[in-house]
Amino acid sequence: MNTIMRKSVLGIAGLAVAGGLAAGPLNHADATAPVQAATPITAVAVQADKPDMGKLIPHGVQGAQSRIDLSDEQVENVKAIIAATKKAGMDERAAVVSIATALQESKLENLGHLGERNDHDSQGLFQQRPSSGWGTVEQITDPEYSTTAFLKGLKQVDGWQDMPLTRAAQTVQVSAYPDHYAQWEQMAADLVAEHWNS
C-alpha cells in the first residue's frame with residue numbers, strides 16, 4: 001500500500017512539475033506578447049493624431065518662408081490661439097491662418113502700446129486697434145479675446161477656406177502690407193501640427 005501510494009504521489013508531482021515547465025514558458029510568452037503588440041499601435045496612434053499637412057496648407061505655400069525661434073511665452077500664445085480656435089468651433093486651417101497672422105503682426109508676442117513705434121493704437125497678438133472697434137485695450141491684449149475677434153472677422157469672409165492664406169488674413173486685417181502674411185504659412189502649419197492635440 002505504501003509503495004502504491006508513493007508511486008501515485010511521485011506521479012502526481014511529476015505531472016505538476018512537467019505542467020509547470022510547460023505552463024511557465026507559455027505564460028511567459030503570453031505576458032510579453034501584448035507589450036510587443038502595443039508598441040507599434042501606440043506609434044501609429046501618435047502619428048494619426050497630427051493634423052494632415054494637406055489640410056493645414058491646402059494651396060501650398062506662397063513665396064519664401066520665414067521662421068523664428070519661439071520663447072516659452074510665444075509657445076503659450078500659440079496654444080492660446082489654438083484653444084480659442086477650437087472653442088470657436090473652427091478647424092485646424094483657421095488656426096494656421098490665425099497663427100500666421102499673429103506671426104506677421106507681433107511675432108506671437110502680446111504687445112502693449114509701443115509708444116512712438118506703435119502703429120496708431122495697435123496692440124496685442126493681432127495688432128488690433130481699439131479705435132477701429134476691435135475692443136478695449138484690456139480685451140485685445142487678452143489672447144483668447146483677440147483670437148476670437150480675429151476668427152469672427154474670418155468667418156465673415158465668404159470662402160476664406162478656399163483662399164490663399166495671405167488673402168484671407170488681409171481681408172480681416174486690412175494691412176498696409178497684404179502679402180507679408182504668406183511668409184509665415186509653413187511655420188504656422190508646423191505649430192498647429194505640433195500643438196493641435198497637445
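Start by selecting glutamate 185 and showing its neighbours: leaving aside residues up to four places away in sequence, it touches Leu56, Ile57, Gly60, Val61, Gln62, Gln65, Arg93, Val96, Ala100 and Leu165. Keep in mind that you're looking at a predicted model. Is glutamate 185 buried or exposed? Its relative accessibility is 2%, so glutamate 185 counts as buried. Now show side chains and find arginine 93: the side chains of glutamate 185 and arginine 93 make a polar contact at 2.8 Å.

Next, widen the selection to helix α8, where glutamate 185 lies. This helix covers residues 185-195, and eight of its eleven residues are buried, so the rest of the structure largely encloses it. Colour the buried ones: Glu185, Met187, Ala188, Ala189, Leu191, Val192, Ala193 and His195. What do they pack against? Bring up α2 (53-56), α3 (72-87), α4 (92-106) and α7 (165-173), and you have the answer.

From there, hop over to α3. With 16 residues, α3 runs 22 Å from its first C-alpha to its last, close to the 22 Å expected at 1.5 Å a residue. Select its buried residues, Gln74, Asn77, Val78, Ile81, Ile82, Ala84 and Thr85. Look down the axis: these residues cover an arc of only 165 degrees, which puts them on the same side of α3. An α-helix has 3.6 residues a turn, so residues three or four places apart point the same way. The buried residues of α3 pack against α4, α6 and α8. Spin to the face turned away from the buried side, and you'll meet the exposed residues Asp72, Glu73 and Lys87. Just past the end of α3, glycine 89 has a positive phi of about 75 degrees.

Now for the largest nonpolar core, which has 36 residues. Pick out Val97, Ile99, Leu108, Leu154 and Trp160, the members that touch the most others. Helices α3, α4, α6 (143-155), α7 and α8 each supply at least two core residues, and α4 gives the most, with eight. Zoom in on valine 97: beyond residues up to four places away in sequence, it touches Phe150, Leu154, Trp160, Leu165, Ala168 and Ala169.

Last stop: isoleucine 140, in helix α5 (residues 137-140). Isoleucine 140 is buried, with a relative accessible area of 0%. Draw a C-alpha to C-alpha distance to glutamine 123 and you should get 6.7 Å, though the two are 17 residues apart in sequence. Glutamine 123 is one of the residues isoleucine 140 touches, and others include Asn110, Leu125, Trp134 and Tyr145.

Terms used:
Residues numbered from 1 in each chain as written. Predicted model: local features only at pLDDT ≥ 70, side-chain atom pairs only at ≥ 80, totals over all residues. Heavy atoms only, no water. Buried < 20%, exposed > 50% of the residue type's maximum accessible area, 1.4 Å probe, protein only. Helix = DSSP H or I, 4+ residues; strand = E, 2+ residues; numbered from the N terminus. Contact = heavy atoms within 4.5 Å. Core = buried A, V, L, I, M, F, W, Y, C linked by side-chain atoms within 4.5 Å. Polar contact = N/O pair within 3.5 Å; in protein donor to acceptor, adjacent residues only side chain to side chain. Expected span 1.5 Å × (residues − 1). Arc of directions from axis to C-beta.
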